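Student: I should like to understand how the terms used for a protein model are justified. May we take them in turn?

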Amino acid sequence: MAHPITSRQGRNSKRICEYHKASKGVMTDEKQSQYQQTHGMDAGDHKLTFENGVISIKTMFEYNWMVREEWLKWCEDVPMEELLRPRIGGVGGILHTLFHVIDVEWSWIQVMLGRPDFQESFDLHNRLEKVRELEATFRPDVLQFLRNWDESMETRAFQDTKPDGSIATYTWGEIMRHMIAHEIHHVGQLSIWAREIGKKPISANLIGKNLILPSTNFIH
């Protein structure tokens with residue numbers, strides 16, 4: 001995909017689009033296994049999801065991955081013509097939208113690190129198995145970036161040269177939060193399209209996903 005801001009001012013509207021400390025609870029073996037399968041990380045990484053008592057960006061990435069996986073499973077029971085059918089709003093259709101959020105998540109991180117981002121067209125990945133393969137390829141890079149994230153990176157500057165030659169400066173922290181909001185926005189579109197074809201959408205609830213383990217010290 002083109003540079004996430006410059007050469008995608010038109011495409012970048014897709015990105016900037018319409019848009020604790022750890023609890024002391026202990027994960028069971030079953031939860032640990034589920035955590036690894038769902039997030040691609042060890043349950044031990046769960047301790048990284050709280051910082052200074054505040055929910056961290058890592059937790060919200062994990063939330064997005066859980067919801068994304070549910071949508072990919074949901075797609076297995078939908079005819080391919082419906083997954084590819086152009087829809088009103090967003091980047092196009094259901095499968096194209098899932099491809100898009102996977103691309104955008106990885107590409108933003110690449111450009112922050114000064115590396116080339118993803119340039120391939122959806123036309124090369126317009127099958128469910130191809131989208132899954134792309135996510136499996138990109139996820140380790142995203143996960144490693146999140147594991148390395150620390151407070152000093154929040155205000156690190158990212159400069160974007162726009163087509164008119166002007167320069168805009170963003171912080172890495174706001175880009176990361178934009179990435180989270182970007183996917184949540186597109187998931188809302190998926191929910192609308194699901195109802196249009198008569199299928200129940202995936203729940204967007206964060207509650208109940210065991211992303212934040214309860215403390216045994218305070219039970220209200």
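Student: What makes Glu82 and Arg87 a salt bridge?

Tutor: The model is predicted, and in it the closest N and O atoms of Glu82 and Arg87 are 2.7 Å apart. The cut-off is 4 Å between a side-chain nitrogen of Lys or Arg and a carboxyl oxygen of Asp or Glu, so the pair qualifies as a salt bridge. By this rule the count comes to 10 salt bridges.

Student: Why is Arg87 called buried?

Tutor: Its relative accessibility is 13%. Buried means under 20%, and therefore Arg87 counts as buried.

Student: How do you know that Glu135 forms a salt bridge with Arg68?

Tutor: The closest N and O atoms of Glu135 and Arg68 are 2.7 Å apart, which is within the 4 Å limit. Glu135 lies in helix 6 and Arg68 in helix 3, 67 residues apart, so the pair links distant parts of the chain.

Student: Are these two residues, Glu135 and Arg68, buried or exposed?

Tutor: Glu135 has 8% relative accessibility and Arg68 has 1%. Because the limit for buried is under 20%, both values place their residues in the buried class.

Student: What separates Arg139 and Glu135 in helix 6?

Tutor: About one helical turn separates them, because they are 4 residues apart in helix 6. Their side chains meet in a salt bridge at 2.8 Å, N to O, and both residues are buried.

Student: Which residues are linked with Glu135 in a network of salt bridges?

Tutor: The network joins Glu135 to Arg68, Glu105, Arg139 and Glu183.

Student: Which residues touch the most other members of the largest nonpolar core?

Tutor: Of its 49 residues, Trp71, Trp74, Met112, Phe145, Met176 and Met179 do so. Helices 3, 5, 6 and 7 each supply at least two residues of this core, and the largest share, 12 residues, comes from helix 5.

Student: Which residues does Met179 touch, leaving aside those up to four places away in sequence?

Tutor: Met179 touches Phe61, Asn64, Glu105, Trp108, Ile109 and Met112.

Student: Where does pLDDT stay under 50?

Tutor: It stays under 50 over residues 1–29, for which the model has 86 contacts beyond four places in sequence. Over residues 42–50 the pLDDT is also below 50. Where pLDDT is low, the predicted coordinates should not be read in detail. For the protein chain, the mean pLDDT is 81, and 73% of the residues reach 70 or more.

Note on methods
Residues are numbered from 1 along each chain as its sequence is written. This is a predicted model: local features need pLDDT of at least 70, side-chain atom pairs count only at pLDDT 80 or more; totals for chains, interfaces and linings use all residues. Side-chain values use heavy atoms; hydrogens and water are left out. A nonpolar core is a set of buried Ala, Val, Leu, Ile, Met, Phe, Trp, Tyr and Cys residues joined through side-chain atoms within 4.5 Å. Buried means under 20% relative accessible area, exposed over 50%, partly exposed in between (1.4 Å probe, protein chains only). Contact means heavy atoms within 4.5 Å. pLDDT is the predictor's confidence in each residue, from 0 to 100.
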